[in-house]
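Please open the model in your viewer and keep a selection panel at hand. The stops below go from one contact between chains to another, then into a sheet, and end at single side chains.

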There are 4 protein chains.
Amino acid sequence: MIPVAIVGANGYSGEELCAILARHPSVRVVAVTSRQHAGKKIGEVLPRFASRGEFSELVFSNPDVPGLMATGAEYFFLALPHGLAAEFAAPLFEAGKRVVDLSADFRLRDAKVYREFYGEPHGAEHLFPQAVYGLPELHREEIRKAALVASAGCYPTSILLPLVPLLRQGLICVGDISVSSASGVSGAGRKAETPLLYGECNESLRTYGLPKHRHLSEIEQELTLAAKSSVVITFVPHLAPMTRGIHTTIFTRLASGVASESILPALESAYAGEPFVRVSRNLPDTKNVNGTNFCDLSVRYDERARRLILLSAEDNLVKGAAGQAVQNFNLMAGLGETEGLL
Amino acid sequence: MIPVAIVGANGYSGEELCAILARHPSVRVVAVTSRQHAGKKIGEVLPRFASRGEFSELVFSNPDVPGLMATGAEYFFLALPHGLAAEFAAPLFEAGKRVVDLSADFRLRDAKVYREFYGEPHGAEHLFPQAVYGLPELHREEIRKAALVASAGCYPTSILLPLVPLLRQGLICVGDISVSSASGVSGAGRKAETPLLYGECNESLRTYGLPKHRHLSEIEQELTLAAKSSVVITFVPHLAPMTRGIHTTIFTRLASGVASESILPALESAYAGEPFVRVSRNLPDTKNVNGTNFCDLSVRYDERARRLILLSAEDNLVKGAAGQAVQNFNLMAGLGETEGLL
Amino acid sequence: MIPVAIVGANGYSGEELCAILARHPSVRVVAVTSRQHAGKKIGEVLPRFASRGEFSELVFSNPDVPGLMATGAEYFFLALPHGLAAEFAAPLFEAGKRVVDLSADFRLRDAKVYREFYGEPHGAEHLFPQAVYGLPELHREEIRKAALVASAGCYPTSILLPLVPLLRQGLICVGDISVSSASGVSGAGRKAETPLLYGECNESLRTYGLPKHRHLSEIEQELTLAAKSSVVITFVPHLAPMTRGIHTTIFTRLASGVASESILPALESAYAGEPFVRVSRNLPDTKNVNGTNFCDLSVRYDERARRLILLSAEDNLVKGAAGQAVQNFNLMAGLGETEGLL
Amino acid sequence: MIPVAIVGANGYSGEELCAILARHPSVRVVAVTSRQHAGKKIGEVLPRFASRGEFSELVFSNPDVPGLMATGAEYFFLALPHGLAAEFAAPLFEAGKRVVDLSADFRLRDAKVYREFYGEPHGAEHLFPQAVYGLPELHREEIRKAALVASAGCYPTSILLPLVPLLRQGLICVGDISVSSASGVSGAGRKAETPLLYGECNESLRTYGLPKHRHLSEIEQELTLAAKSSVVITFVPHLAPMTRGIHTTIFTRLASGVASESILPALESAYAGEPFVRVSRNLPDTKNVNGTNFCDLSVRYDERARRLILLSAEDNLVKGAAGQAVQNFNLMAGLGETEGLL
């Protein structure tokens with residue numbers, strides 16, 4: 001049993017990590033942290049975790065690096081706001097621990113881009129070269145060897161999985177990609193803010209974060225890698241009245257000479273061996289992926305307008321956060337990639 | 001008081017018509033029809049309408065043309081499925097009655113297009129030349145004089161209102177328009193079908209109707225009129241877990257030489273005198289328009305990708321159906337355009 | 001046009017008051033207050049109110065009594081937290097203004113009971129004798145003459161309307177009344193608190209406020225008045241995953257010798273002339289009353305257990321708050337009781 | 001690996017059985033049936049089950065007894081409507097197979113009561129003596145030995161778990177029990193009926209099934225067994241706008257001489273060793289049990305009215321249906337009771 005710690009276990013992603021790791025056959029959770037609830041048992045703060053054996057007896061600790069080092073954990077899952085995550089990741093990594101960071105702090109290769117999109121530097125940008133972008137379908141072999149994995153974000157996962165194989169193979173136009181995504185409200189975190197109240201979100205569908213959502217930085221980084229030329233996209237996120245789920249609709253065009261019929265097979269073949277990507281003729285629906293680590297993909301071709309439509313659905317808290325983090329961990333730890341996730 | 005009849009009063013659009021017309025200061029509803037509930041009082045079938053004075057005492061009749069003619073109604077609102085609506089519209093119109101049709105039967109100018117998109121002809125295509133497309137912001141003066149108004153559809157309204165003024169003025173690229181819309185479930189009607197069950201729609205966001213939704217026909221017809229050149233767009237509708245509301249996100253490009261700053265003023269100026277179109281810097285949210293006849297519009301420019309994003313929100317049952325129908329009626333009847341709608 | 005002010009216009013009840021009063025044919029809203037948004041136009045803060053003529057141009061002011069006096073308003077609607085409301089009600093009342101208070105500050109006749117249930121006194125308990133409990137169906141004539149009306153609470157309205165006529169006529173057991181109610185989340189106010197987040201309320205049904213909810217005080221006061229003997233009930237409120245609506249289920253027993261068949265007629269007869277109470281054989285459903293000032297009532301008798309079940313549904317923000325306040329105002333101002341409410 | 005069949009795998013309970021049994025470590029699902037989808041792969045009909053290894057390859061068969069016998073299954077889970085379930089249970093049982101029936105067909109000991117509540121006899125009432133009521137917390141030892149287990153219903157589980165220990169110990173009044181429950185819409189099944197549409201259930205809270213819900217029969221049977229005297233209760237079920245979850249609120253009185261403080265300890269002690277019943281001071285909330293086989297219980301005492309309030313929450317599809325069925329199966333098969341359920 002591998003000892004792990006969950007830093008920031010009281011947010012929605014942290015809670016989902018708890019749910020997955022408490023049942024993971026090769027893991028023992030040895031520490032959970034929460035500033036707000038330090039000193040309380042997890043089963044009291046989050047009643048869904050009561051009566052689950054020794055897991056329920058875990059007591060939230062106040063997160064600090066020496067305390068975390070003393071827990072004996074070998075792997076640290078960081079479910080913290082960006083900026084704060086780096087304050088834990090750096091010393092833990094430098095002490096030889098292995099870190100799965102769910103924040104955006106180490107997803108970018110270029111510190112300038114980080115500063116442009118996140119407004120200020122964080123204190124550990126020198127670690128960028130050693131961090132691996134944690135989307136297993138794109139970087140599996142590097143993740144296996146990494147000690148610092150920056151688990152990919154929720155929107156990016158839903159956008160990269162359909163696009164990357166097509167860009168790698170030159171099947172679509174690099175210069176013509178527009179993305180409309182809708183996320184459940186849990187994507188905004190467990191923050192006591194008026195716009196996230198039930199009364200504000202129910203019967204409400206709205207855009208936000210326009211025109212330059214922070215996730216654009218990692219999306220374009222990975223698309224550019226795939227295309228081997230600079231990719232700039234338009235991305236419009238929406239908030240939808242549901243707790244979980246991201247649905248993404250991508251408008252693009254076929255590269256010159258490419259037949260529309262070749263797209264679905266290209267995706268099927270790219271993901272043939274992947275345990276968590278399902279390519280199908282069926283239109284994706286968030287309810288089919290909620291509670292799972294799957295990302296569902298499909299394709300339609302609009303012959304009239306000669307435009308390609310790519311569609312995806314995932315659970316923002318699982319494949320978009322905690323499940324993906326565990327998938328990365330499984331790779332890092334040499335476990336079966338699907339352990340604890342099916 | 002103008003006597004009116006609501007044909008098909010038990011669907012969601014018909015029920016909303018009842019709600020609006022029962023309070024309309026210049027209208028007396030003299031007949032409501034429903035095949036399924038013929039013989040029952042409206043206040044029994046739809047308990048929200050109980051105890052509302054004489055309106056509650058209206059008895060659903062089985063719809064047939066002679067019976068409708070005998071009610072004394074001067075205006076007939078048809079909230080019926082396409083194909084069926086024409087069977088009522090034609091004889092009523094030919095008998096000199098004035099008809100507001102909420103179905104798609106008379107929205108197209110070209111019978112070939114109707115057949116292409118709806119699969120078969122209906123029996124009254126000869127009336128196409130006399131029907132007016134019922135979007136007051138586009139065709140107000142024709143609507144005033146018309147005896148057969150085909151009230152614009154819900155998705156079309158949310159797409160045409162932001163696009164038409166920009167196309168008319170040549171501000172955007174005719175050839176690069178992609179639309180992603182999300183509708184509340186009431187848009188699918190009160191049909192007892194499994195995919196519309198609560199358990200199937202809650203926590204579900206999905207695309208449907210791809211790649212050639214029927215509404216494309218009327219959207220492109222009106223866009224083409226505005227642009228004075230053929231417009232073909234890509235349109236992806238989604239079903240969102242809410243009862244009411246349509247949110248539309250449009251991706252397009254500025255025409256050559258047009259400054260991005262000119263778009264919001266262009267919309268403001270186009271709709272300056274319009275009572276039901278609100279142009280604002282705020283991002284539209286369906287909850288702000290639900291229960292109203294407003295359509296909210298806004299704009300963002302993505303400088304990085306040089307793409308224009310147009311956004312709109314409306315209540316699919318009001319500005320997208322019943323409210324728009326009453327707005328058309330008000331024009332036809334020479335009443336104040338906002339009567340009963342504010 | 002009667003000039004009125006809405007003090008605390010940015011909460012859910014205040015916003016609903018705005019919606020109703022902006023359309024009220026005999027009212028001109030001359031002031032709206034909000035500490036948080038002072039200086040901003042109402043149409044900016046609450047976009048649903050944009051483009052509604054002069055109403056949209058109202059600027060939120062910081063609430064203070066001299067400022068309110070200077071507005072020229074004759075009637076003041078107070079949509080403020082309990083305790084705070086009294087700080088406005090007392091000086092306004094003493095200056096000869098008429099006040100409709102939506103808070104609990106003046107609903108009780110006995111200051112001791114106020115202190116028991118609300119934890120501390122407020123500064124204007126001396127006005128209790130001059131305040132009238134604002135449930136028109138119970139105290140219409142006193143309301144007409146009152147200058148300080150304490151509009152009845154949401155749960156109390158849903159519980160008193162079914163019970164009071166039966167207690168007045170001695171038809172049910174005073175000593176055996178248990179109440180289970182469920183409210184939409186807007187009942188908790190627009191407060192940025194974690195338990196009210198979308199992610200916490202969706203797919204959640206829970207009890208709260210047990211065993212001694214503050215509303216018990218006014219409920220039992222009015223039940224005791226009706227029964228002419230002390231009534232103590234059990235009341236269990238629940239939070240349900242919806243924005244609006246209260247549904248109440250009451251378990252009681254018939255008084256000795258009373259036939260179960262007499263209960264529905266007793267309610268029908270008690271409310272025969274009431275414009276906003278609908279008694280029916282149909283089981284109440286919150287969706288039938290949402291957006292209206294109706295309270296729907298029904299009855300079932302459980303012959304096997306010899307227990308009477310009373311059921312009610314109302315919109316907590318309308319008949320449970322803003323609509324009721326306007327109904328009270330209409331009576332105070334000598335207007336038609338239903339003005340602006342149908 | 002024990003071979004099992006799921007008969008009626010396309011309803012909500014059947015689908016949940018699939019989800020649980022597909023991951024059960026000691027089970028191999030060898031057959032799934034669905035009249036409607038016979039011939040199609042389960043992963044096509046229910047896309048959430050795609051790409052889950054051999055489970056996804058299962059093809060729905062048309063249910064008939066000889067076909068089921070030929071599958072090699074040793075255990076048969078019947079997720080069928082009442083009446084129909086008996087047509088499969090009887091021949092399978094008589095052929096020596098072991099049956100877990102999720103319907104109501106074998107929950108009652110008295111055929112007269114079945115006919116009274118379900119309107120007509122079914123063809124296998126002669127098996128009543130051999131069937132065991134499948135609520136493990138009440139009948140564990142009998143379930144272990146049974147070949148025909150009638151898995152307890154959703155409402156009954158939420159009502160029996162709090163009441164039975166208190167009745168067994170004589171702590172509460174047998175004659176004064178009133179129950180108000182609210183269920184998510186999935187409790188009504190995947191039936192294409194208008195009242196279950198999203199547009200009818202969203203923002204709707206309503207009672208139904210009054211005054212004599214069918215589940216009363218099994219509830220009272222088990223309460224009477226526990227109390228050793230006849231128990232008749234009042235039960236009011238409600239439909240709440242959520243997919244999953246049942247919340248139950250019970251009003252009762254303490255038996256003479258019983259201290260209110262003794263109730264929580266009595267429940268704690270009764271369920272001390274139970275893996276799936278959590279007794280706590282926290283008020284139950286359906287979101288804490290959704291997706292789990294837990295039933296959460298709590299207690300409050302209303303000193304003012306001298307009334308005891310018992311509260312419970314469960315997932316109607318798990319502890320109220322599929323999870324309970326698997327818990328029963330685990331006992332029948334001599335497996336660990338929690339296998340596949342934690």
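Buried area here is the accessible area, taken with a 1.4 Å probe, that two parts lose on being put together, summed over both. This is a predicted model, in which local features need pLDDT of at least 70 and side-chain atom pairs count only at pLDDT 80 or more, while totals for chains, interfaces and linings use all residues. Residues are numbered from 1 along each chain as its sequence is written, chains are lettered from A and ligands numbered from 1 in the order in which they are written, and side-chain values use heavy atoms, with hydrogens and water left out.

Begin by selecting chains A and D, between which about 1400 Å² is buried, with carbon and sulfur atoms giving 43% of that area. Within chain A, the residues that lose the most area to chain D are A:Arg23, A:Arg278 and A:Asn288, which together make up 29% of what that side buries. Contact (heavy atoms within 4.5 Å) joins 16 residues of chain A to 16 residues of chain D. There are 0 salt bridges between chain A and chain D, a salt bridge being a side-chain nitrogen of Lys or Arg within 4 Å of a carboxyl oxygen of Asp or Glu.

Next, show chain B beside chain A, where the two bury about 3800 Å² between them, 53% of it on carbon and sulfur atoms. Of the area that chain A buries against chain B, A:Glu203, A:Leu205 and A:Arg304 supply 20%, more than any other three residues. Each chain brings 49 residues to this contact, and 8 salt bridges are counted between chain A and chain B. To see one of them, select A:Arg304 and B:Glu220, whose side chains meet at 2.3 Å, N to O.

Now hide chain B and display the strands of chain A (strands are DSSP runs of E of at least two residues, helices runs of H or I of at least four, both numbered from the N terminus). Seven of the strands can be followed across an open sheet of 7 strands in the order S9-S10-S8-S11-S14-S13-S12, with mixed pairing, where two strands pair if DSSP finds at least two bridges between them. Strand S9 (206–207) and strand S12 (277–279) of chain A each have a single partner strand and stand at the edges, so one side of each is left without a neighbour in the sheet. Inside the sheet, select S11 (residues 246–252) and S14 (residues 307–314) of chain A, which pair in the antiparallel sense over 7 bridges, and find A:His247 opposite A:Ala313 in S14(A).

Which residue forms a salt bridge with B:Arg244? Select B:Glu16, and the closest N and O atoms of the pair are 2.3 Å apart. This pair links distant parts of the chain, with B:Arg244 in the loop between strand S10 (234–239) and strand S11 (246–252) of chain B and B:Glu16 in helix H1 (residues 12–21), 228 residues apart.

For the last stop, select D:Asn290, in the loop between helix H11 (286–289) and strand S13 (295–302) of chain D. The side chain of D:Asn290 reaches the backbone oxygen of C:Glu203 at 3.5 Å. Not counting residues up to four places away in sequence, D:Asn290 touches C:Glu203 as well as D:Arg244, D:Gly245, D:Glu314 and D:Asp315.

Note on methods
A polar contact is a pair of N or O atoms within 3.5 Å; within protein, one must be able to donate a hydrogen and the other to accept it, and residues adjacent in sequence count only if both atoms are side-chain atoms.
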